[in-house]
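Here is a friendly walk through one protein model. Have a look at the structure first, and then read on.

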Amino acid sequence: AFAYVPIGASNEARVTQELAIANALAKDPARRAPALTFYQRALREAPQMPSFQWSLAMFLAQTGHPQDAVAHYRAALAVWPDDAETRFNLGLALAAI
């Protein structure tokens, strides 16, 4: 089936789809390497999106890379300074280093 995507929204739609694919792949431990690739692609195309920074940070922290997650939590907090969940997760990542 074909989906209608307005021309101006094509990049946003593609990046959002990459994030959705990454989130789906991340649920399967055997597919974590491809998940990381999709997270990185989405973030490379839209680094200003705090939700993308947060998603990659969560993935990194949950897969045993808290030191790598810290920068992404901080990037999300630069846009979401009052987000308690992101602050909490940053604290957990820092404590795990």
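## Confidence

The protein has a mean pLDDT of 89 (the predictor's confidence in each residue, from 0 to 100), and 90% of its residues reach 70 or more. This is a predicted model, in which local features need pLDDT of at least 70 and side-chain atom pairs count only at pLDDT 80 or more, while totals for chains, interfaces and linings use all residues. Residues are numbered from 1 along each chain as its sequence is written, and side-chain values use heavy atoms, with hydrogens and water left out.

Among the elements, helix α5 (residues 84-96) has the highest mean pLDDT, 98, and helix α1 (residues 10-26) the lowest, 88; helices here are DSSP runs of H or I, at least four residues, numbered from the N terminus. Over residues 1-7, pLDDT stays under 50. Where pLDDT is low, the predicted coordinates should not be read in detail.

## The nonpolar core

The largest nonpolar core has 23 residues. Such a core is a set of buried (under 20% relative accessible area, 1.4 Å probe, protein chains only) Ala, Val, Leu, Ile, Met, Phe, Trp, Tyr and Cys residues joined through side-chain atoms within 4.5 Å. Helices α1, α2 (32-45), α3 (50-62), α4 (66-79) and α5 each give two or more residues to this core, and α3 gives the most, with 6.

Y39 is one of the residues with the most contacts inside the core. Not counting residues up to four places away in sequence, Y39 touches (heavy atoms within 4.5 Å) L19, A22, N23, A26, S55, L56 and F59.

Methods
Buried < 20%, exposed > 50% of the residue type's maximum accessible area, 1.4 Å probe, protein only.
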